[in-house]
Amino acid sequence: MSRIRYDEQTAAAFKAVREVPRDGLAEWREAIACHLRVSPGLTLLDIGAGTGAFAAAFSDWFGVDVLAVEPSAAMRDQIPRLPRIQVFDGSASALPLPDTSADAAWLSLVIHHIPDLTIAAQEIRRVLRPGAPVLIRQGFPGRCDRVELVRWFPETARTIATYPSVEETCQAFAAAGFHQEALEPVRETYPASLADFLGQVDTFRRADTTMRNLTEEEFLRGKDRLRRAVQRADGTGNQESRTNWLDLLVLR
């Protein structure tokens, strides 16, 4: 499993280019709302919260309290300090929280960073109240055909193939008493153009696990694909919209 060491420079790069703008997450809000069962006083556990984009979104969207757990100090420093967000140093396998203290868990693009999913699932089970859902936003092996990076940099699928599959993830959580409730693809959109992405792609490479594993030749080939697409768009005047699809796996 590939991992990035998130120092201050990498964390800043992540926040600059990896966070999906809030307007592009409308379909995620709708999909999550179908499974979260929001009620007054709900507490959501954001595991591997990164720079806090989803922690802030959950707080704003649903008015819930968020416990943002992130092992990287540089990433934690980027999380917005809002009244409904508490920030903790910890990981999926060592959550610094009491038993039965959360009503839902959210893991966004994080399960491939967890050394032992079975241990993490047991720890999540400990912290969640009975019946609480686990919501996982992830690109799974064999289900990444509409992932934007794979389109331009097809070799990134090689790294995704090493990530836990849907089946492996469900098996790890089943051992902790969870069962699969839903698996659905969700679209996210970017207001920035392909030309903007081309201008950011070197920074993106520093902040993305799959991009870091590309060889220089693979990266340059993908960059050239992007450049040609931008040139075609400039020639026709039709700017191509940017979309990305990831899975929402719900366990309960």
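Both faces of strand 5 are covered in this predicted model. Val134, Ile136 and Gln138 are buried on one side of the strand, and Leu135 and Arg137 are buried on the other. This two-sided arrangement fits a general pattern: in a regular strand the side chains alternate between the two faces of the sheet. With 5 of its 5 residues buried, strand 5 is largely enclosed by the rest of the structure. Strand 4 (104-108) pairs with strand 5 (134-138) in the parallel sense, over 4 bridges. Along this pairing, Ala105 stands opposite Val134, and Ser108 stands opposite Arg137.

It helps to step back to the sheet as a whole. Seven strands, in the order 3-2-1-4-5-7-6, form an open sheet with mixed pairing. Strand 3 (85-88) and strand 6 stand at the edges; each has a single partner strand, so one side of each is left without a neighbour in the sheet. From one strand to the next, the twist averages 20 degrees. Helix 2 packs on this sheet, where it touches strand 1, strand 4, strand 5, strand 6 and strand 7. The direction of helix 2 makes about 160 degrees with that of strand 6. Helix 8 (residues 166-174) also meets these elements, lying across strand 5, strand 6 and strand 7 and running at about 30 degrees to strand 7.

Which residues of helix 2 are buried? In this helix, which covers residues 26-36, they are Trp28, Ala31, Ile32, His35 and Leu36. Their directions cover an arc of only 125 degrees around the axis, which puts them on the same side of helix 2. Glu30 and Cys34, on the other side of the helix, are exposed. The cover over the buried residues includes strand 1 (43-47), helix 3 (53-62), strand 4, strand 5, strand 6 (180-190) and strand 7 (242-251). Arg37 follows helix 2 and has a positive phi, near 55 degrees.

Helix 3, part of that cover, is itself mostly covered, with 8 of its 10 residues buried. These are Phe54, Ala55, Ala56, Ala57, Phe58, Ser59, Trp61 and Phe62. They pack against helix 2 and against five strands of the sheet, namely strand 1, strand 2 (65-69), strand 3, strand 4 and strand 5. Just after helix 3 comes Gly63, with a positive phi of about 65 degrees.

The packing can also be read through the nonpolar cores. The largest nonpolar core has 50 residues, and those with the most contacts inside it are Ile32, Leu44, Phe58, Trp106 and Phe153. Helix 3 gives the most to this core, contributing 7 residues. Leu44 illustrates how such a residue is surrounded: leaving aside residues up to four places away in sequence, it touches Leu36, Phe58, Val64, Asp65, Val66, Leu67, Ala104 and Trp106. Apart from the largest core lies another, of 31 residues, among them Ala121, Val127, Ala132 and Val134.

A further buried position is found in helix 10 (residues 209-212), which holds Thr210. Thr210 has a relative accessible area of 8%, under the 20% limit, and is therefore buried. Apart from residues up to four places away in sequence, Thr210 touches Leu149, Thr156, Thr159, Ile160 and Tyr163.

At the level of the whole protein chain, the secondary structure comes to 11 helices and 7 strands. Of its 252 residues, 53% count as buried. What share of the contacts between residues at least 6 apart in sequence joins residues at least 24 apart? In the protein chain this share is 77%. The C-alpha trace spans about 55 × 35 × 35 Å along its principal axes. The radius of gyration of the protein chain is 18 Å, which agrees with the value near 18 Å for a compact globule with 252 residues.

Notes. Residues are numbered from 1 along each chain as its sequence is written. This is a predicted model: local features need pLDDT of at least 70, side-chain atom pairs count only at pLDDT 80 or more; totals for chains, interfaces and linings use all residues. Side-chain values use heavy atoms; hydrogens and water are left out. Buried means under 20% relative accessible area, exposed over 50%, partly exposed in between (1.4 Å probe, protein chains only). Helices (H or I, at least four residues) and strands (E, at least two) are DSSP runs, numbered from the N terminus. The arc is that of the directions from the helix axis to the C-beta atoms. Contact means heavy atoms within 4.5 Å. Two strands pair if DSSP finds at least two bridges between them. Axes are lines fitted to C-alpha atoms, for helices over the stretch in contact, and angles run from 0 to 180 degrees between N-to-C directions. A nonpolar core is a set of buried Ala, Val, Leu, Ile, Met, Phe, Trp, Tyr and Cys residues joined through side-chain atoms within 4.5 Å. The radius of gyration is taken over C-alpha atoms; the globule rule is 2.2 Å times the number of residues to the power 0.38.
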